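Q: I am new to this structure and would like to learn how to read it feature by feature. Could you take me through it slowly?

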Amino acid sequence: MAENIVFKSNILFLKSGITIPFQHNITELMIFPEVIIVRLDIPYKVLFNENVYGISHNGNLLWQIPKIDHVYQDSPYTGMKIMNNELILCNWDGLDVTIDPITGNILKTSYGK
């Protein structure tokens with residue numbers, strides 16, 4: 001399944017032939033049986049911290065990371081990893097946000113740096 005889900009610039013191409021454009025370029029994907037996690041690359045000096053999305057395999061937006069307070073006003077998420085079936089997002093100010101990858105619900109926050 002994963003080999004048929006790709007991105008180029010700001011467009012996600014699903015295996016069904018559906019294309020989904022985003023406002024900024026896609027920089028990272030994580031593919032699960034239930035959801036495709038998309039992280040956007042936010043340009044310098046653009047304030048947009050809610051840059052992680054959960055998309056269904058049929059192209060529906062399931063969730064977008066909610067807006068939360070950050071140490072710095074400009075703190076988009078710059079990395080993500082899976083640990084114990086949870087998605088951990090990290091941002092410029094050192095915040096680690098653990099979410100349920102299926103629902104997008106925030107499970108906990110902590111500072112990793």
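A: The turns below go through sheets, hairpins, a charged pair, a few buried residues and a surface patch. Please keep in mind throughout that this is a predicted model.

Q: Let us begin with the sheets: in what order do the three strands of the open sheet lie, and is their pairing parallel or antiparallel?
A: To read a sheet, one follows the strands from neighbour to neighbour and then looks at the direction of each pairing. Here the three strands form an open sheet in the order β1-β2-β3, and the pairing is antiparallel. The edge strands are β1 (6-8) and β3 (19-21), each of which pairs on one side only. From one strand to the next, the twist averages 20 degrees.

Q: How many bridges join β1 to β2, and which residue in β2 does F7 stand opposite?
A: Strand β2 covers residues 11-13 and is joined to β1 by three bridges, the two strands running antiparallel. Within this part of the sheet, F7 stands opposite L12 in β2.

Q: What is the order of the strands in the open sheet of four, and why is one side of β4 and of β7 left without a neighbour in the sheet?
A: The order in this open sheet is β4-β5-β6-β7, again read as a set of antiparallel pairings. Because β4 (26-31) and β7 (61-64) stand at the edges and each has a single partner strand, one side of each is left without a neighbour in the sheet. The twist in this sheet averages 20 degrees from one strand to the next.

Q: How many bridges pair β5 with β6, and how many join β6 to β7?
A: Strand β5 (residues 36-40) pairs with strand β6 (residues 52-55) in the antiparallel sense over four bridges, and in this pairing I37 stands opposite G54 in β6. Between β6 and β7, which also run antiparallel, there are three bridges, and here the bridge partner of I55 is L61 in β7.

Q: How should I read a hairpin, and which residue in the turn between β6 and β7 has a positive phi?
A: One looks at the two strands, at the residues between them and at the backbone angles in the turn. The hairpin of β6 and β7 has five residues between the strands, and G59 in the turn has a positive phi of about 95 degrees. In the hairpin of β8 and β9, two residues lie between the strands, and N84 takes a positive phi near 55 degrees. Strand β8 (residues 77-83) pairs with β9 in the antiparallel sense over six bridges, with G79 standing opposite C90 in β9.

Q: What does a salt bridge rest on, and which residue forms one with E28?
A: Side chains of opposite charge can pair when their charged atoms come close. In this model the count comes to one salt bridge: E28 forms it with R39, and the closest N and O atoms are 2.9 Å apart. The pair links distant parts of the chain, since E28 is in strand β4 and R39 in strand β5, 11 residues apart. R39 counts as buried because its relative accessibility is 9%, where the limit for that word is under 20%.

Q: Is N91 buried or exposed, and which residues does its side chain reach?
A: N91 is in strand β9 (residues 86-91), and it counts as buried because its relative accessibility is 0%. Its side chain makes a polar contact of 3.1 Å with the side chain of D93, and it also reaches the backbone nitrogen of L95 at 3.1 Å.

Q: Where is D93 found, and which other side chain does it contact?
A: D93 is found in the loop between β9 and β10 (95-99), and at 10% relative accessibility it counts as buried. Besides the contact with N91, a polar contact of 3.5 Å joins the side chains of D93 and S75.

Q: Where is I42 placed, and is it buried or exposed?
A: I42 lies in the loop between β5 and β6, and it is buried, with a relative accessible area of 7%. The C-alpha atoms of I42 and T27, which are 15 residues apart along the chain, are separated by 9.1 Å.

Q: Turning to the surface, which residues make the nonpolar patch of about 340 Å²?
A: That patch is made by V71, Y72 and Y111, and V71 lies in the loop between β7 and β8.

Notes: Residues numbered from 1 in each chain as written. Predicted model: local features only at pLDDT ≥ 70, side-chain atom pairs only at ≥ 80, totals over all residues. Heavy atoms only, no water. Buried < 20%, exposed > 50% of the residue type's maximum accessible area, 1.4 Å probe, protein only. Polar contact = N/O pair within 3.5 Å; in protein donor to acceptor, adjacent residues only side chain to side chain. Pairing = 2+ DSSP bridges. Axes fitted to C-alpha atoms, helices over the stretch in contact; angles between N-to-C directions. Patch = residues over 30% accessible without salt bridge, like charges linked within 9 Å, V, L, I, M, F, W, Y side chains within 5 Å. Areas by Shrake-Rupley, 256 points an atom, 1.4 Å probe, with all protein chains shown as cover. Salt bridge = Lys/Arg side-chain N within 4 Å of Asp/Glu carboxyl O.
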